[in-house]
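Reader: Hi! I'm in my first year and still learning to read these pictures. Could you take me slowly through one part of this one and what surrounds it?

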Amino acid sequence: MTETHRAAPSGRLSIDQTRRDGIRVLTLRGEIDHTVKAQLTDALLPDEPTTGMRIVLDLSGVTFMDSSGINVLVTTHQATTGTQGWLRLAAPQEAVQRVLHVVGLDDVIGCHPTLEQALTT
């Protein structure tokens with residue numbers, strides 16, 4: 001079962017949410033920096049975390065990510081693992097993959113070359 005929700009774009013980032021087999025899939029397009037940190041955090045983390053939160057971020061449309069995005073990913077990873085869930089990243093573009101690798105986040109959060117692999121691994 002798939003359901004879709006679209007967050008209002010900020011001008012720099014758009015977020016589409018779907019649910020596939022109980023996994024929240026957020027497809028991001030644009031740039032992730034300090035101007036969209038609150039928007040991204042609100043989309044990723046509910047006010048009341050639920051047990052077993054499973055989230056996949058499709059980063060194929062993200063062209064830039066700075067430390068603000070890294071901080072949101074770390075916070076989300078901690079929140080999901082704290083509820084016996086997980087966060088996975090899918091299909092980052094080369095520039096984003098480089099940032100994830102430089103800070104070592106790709107060793108902490110599962111990073112997959114495709115959305116399908118992130119959903120089924």
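**A hairpin and its neighbours**

Author: Let's start with a turn: β2 and β3 make a hairpin with two residues between them, and Asp21 in that turn has a positive phi of about 55°. Before we go on, this is a predicted model, where local features need pLDDT of at least 70 and side-chain atom pairs count only at pLDDT 80 or more, while totals for chains, interfaces and linings use all residues. Residues are numbered from 1 along each chain as its sequence is written, and side-chain values use heavy atoms, with hydrogens and water left out.

The names β2 and β3 come from DSSP runs numbered from the N terminus: helices are H or I with at least four residues, strands are E with at least two. Strand β2 covers residues 13–20 and runs antiparallel to β3, with eight bridges joining them. (Two strands pair if DSSP finds at least two bridges between them.) Want to find the pairing on screen? Look for Arg19, which stands opposite Arg24 in β3, and then for Leu13, whose bridge partner in β3 is Gly30.

Now turn to β4, which is joined to β3 by eight bridges too, but here the strands run parallel. Ile32 has Met65 in β4 as its bridge partner.

So how enclosed is β3? Eight of its 10 residues are buried, so the rest of the structure largely encloses this strand. Buried here means under 20% relative accessible area, with exposed over 50% and partly exposed in between, using a 1.4 Å probe and protein chains only.

β3 (23–32) also helps cover a helix: it is among the elements over the buried residues of α2, along with α1 (37–44), β4 (54–65), β5 (86–90) and α3 (94–102). And which residues of α2 are buried? They are Ser68, Gly69, Ile70, Val72, Leu73, Thr76, His77 and Thr80. Helix α2 itself takes in residues 67–81, 15 in number, and reaches 21 Å from first C-alpha to last, close to the 21 Å expected at 1.5 Å a residue. That expected span is 1.5 Å times one less than the number of residues.

Finally, peek at the start of α2: a side-chain oxygen of Asp66 comes to within 2.8 Å of the backbone nitrogen of Ser68.

Key: Contact means heavy atoms within 4.5 Å. A polar contact is a pair of N or O atoms within 3.5 Å; within protein, one must be able to donate a hydrogen and the other to accept it, and residues adjacent in sequence count only if both atoms are side-chain atoms. Two strands pair if DSSP finds at least two bridges between them.
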